[in-house]
Amino acid sequence: MTANVITLNHTDNLDTAERLFKANNIRHIPVVSGEEIIGMLSYTDLLRISFADAAFEEEENVETVVYNMFTIEQVMAKNLISVSSQTTIKDAAEILAKKEFHALPVVDNEKLVGILTTTDLINYLLDQY
């Protein structure tokens with residue numbers, strides 16, 4: 001689990017999201033409204049909309065044009081499954097294996113305390129050997 005979570009506010013724009021993804025070399029960012037987590041934005045979500053409109057192919061700033069057409073809330077995943085810091089690694093791995101996402105927000109007492117990704121699980125397994 002990563003405890004120092006980088007978050008986006010639901011009012012941020014997609015350019016801000018892209019800068020955070022690239023600057024921190026991450027692929028998932030929880031989206032918050034105040035203290036409440038309301039969604040998860042993945043880098044794949046951004047890539048999906050960046051290539052969605054071929055009409056802007058010759059544009060230098062294709063991402064900026066497309067990003068201005070959407071809000072974070074329109075692009076983020078909303079129906080999140082979260083785990084607590086007390087969830088076992090096995091249980092978290094089972095959730096990730098059965099669902100179509102690669103990150104779980106870690107929430108204790110309705111507060112975001114971390115994020116668990118498939119990369120975290122792989123690193124944990126590697127540490128065991």
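These are my notebook entries on what I looked up in this structure, which is a predicted model.

**Entry 1: the overall count**

I started with the secondary structure and found 6 helices and 5 strands in the protein. Going along the sequence, I wrote the pattern down as β-α-β-β-α-α-α-α-β-β-α. Next came burial: 32% of the 129 residues count as buried. I also looked up the accessible surface, which comes to about 8,300 Å². Carbon and sulfur atoms hold 49% of that surface. For contacts, I took those with a separation of 6 or more, and 49% of them are between residues 24 or more positions apart.

**Entry 2: the three-stranded sheet**

In what order do the strands of the open sheet run? I noted 1-2-3, with mixed pairing. Strand 1 (8-9) and strand 3 (36-42) are the edge strands, and each has a single partner strand, so one side of each has no neighbour in the sheet.

I then went through the pairings. Strand 1 pairs with strand 2 (residues 28-33) in the parallel sense, over 2 bridges. Here I found Asn9 opposite Val32 of strand 2. Strand 2 and strand 3 run antiparallel and are joined by 6 bridges. On that side Ile29 stands opposite Leu41 in strand 3. My reminder for the margin: strands of a sheet pair through backbone hydrogen bonds, either parallel or antiparallel.

Strand 2 and strand 3 also make a hairpin, with 2 residues between the strands. Gly34 in this hairpin takes a positive phi near 65°.

Is strand 3 largely enclosed or largely open? I got 5 of its 7 residues as buried, so strand 3 is largely enclosed by the rest of the structure.

**Entry 3: His28**

I picked His28 for a closer look, as a residue of strand 2. Its relative accessible area is 16%, and the cut-off for buried is under 20%, so His28 counts as buried.

Which residues does His28 touch, not counting those up to four places away in sequence? My list reads Phe21, Met40, Leu41, Ser42, His102, Ala103, Ile115 and Thr117. Phe21 is a residue of helix 1 that also turns up in the contact with helix 2. Leu41 is the residue that stands opposite Ile29, and Ile115 is the one opposite Pro105.

**Entry 4: the second hairpin**

Strand 4 (residues 103-108) and strand 5 pair in the antiparallel sense, over 6 bridges. Along this pairing I noted Pro105 opposite Ile115 in strand 5. Strand 5 (residues 111-117) has 5 buried residues out of 7, so strand 5 is largely enclosed by the rest of the structure.

The two strands form a hairpin with 2 residues between them, and I went to look at the loop. Asn109 is found there, between strand 4 and strand 5. Its phi is near 50°, a positive value in a residue other than glycine. Glu110 is in the loop between strand 4 and strand 5 too. Glu110 has a positive phi of about 65° although it is not a glycine.

Are these loop residues buried or exposed? Asn109 has a relative accessible area of 80%, so I put it down as exposed. Glu110 comes out at 74% and is exposed as well.

**Entry 5: helix packing**

Two packed helices are described by the angle between their axes and the distance between the axes, so I looked up both values for two pairs.

Helix 1 (residues 14-24) packs on helix 2 (residues 43-50) at an angle of about 130°, and the axes are 10 Å apart. Helix 1 and helix 2 are therefore oblique to each other. I noted their crossing as left-handed. The residues that meet are Leu14, Ala17, Glu18, Phe21 and Lys22 from helix 1, and Tyr43, Leu46 and Ile49 from helix 2.

For helix 5 (residues 89-98) and helix 6 (residues 118-127), the axes come within 11 Å and cross at roughly 135°. That makes helix 5 oblique to helix 6. Helix 5 passes helix 6 in a left-handed crossing. I listed Ile89, Ala93 and Leu96 on the helix 5 side of the contact, with Thr118, Leu121 and Tyr124 on the helix 6 side.

Definitions and conventions:
Residues are numbered from 1 along each chain as its sequence is written. This is a predicted model: local features need pLDDT of at least 70, side-chain atom pairs count only at pLDDT 80 or more; totals for chains, interfaces and linings use all residues. Side-chain values use heavy atoms; hydrogens and water are left out. Two strands pair if DSSP finds at least two bridges between them. Helices (H or I, at least four residues) and strands (E, at least two) are DSSP runs, numbered from the N terminus. Buried means under 20% relative accessible area, exposed over 50%, partly exposed in between (1.4 Å probe, protein chains only). Contact means heavy atoms within 4.5 Å. Accessible areas come from the Shrake-Rupley method with a 1.4 Å probe; for residues, only the protein chains shown count as cover. Axes are lines fitted to C-alpha atoms, for helices over the stretch in contact, and angles run from 0 to 180 degrees between N-to-C directions. Angles under 35 degrees count as roughly parallel, over 145 as roughly antiparallel, 65 to 115 as roughly perpendicular and the rest as oblique. A crossing is left-handed if the near helix is turned anticlockwise from the far one by less than a right angle, and right-handed if clockwise.
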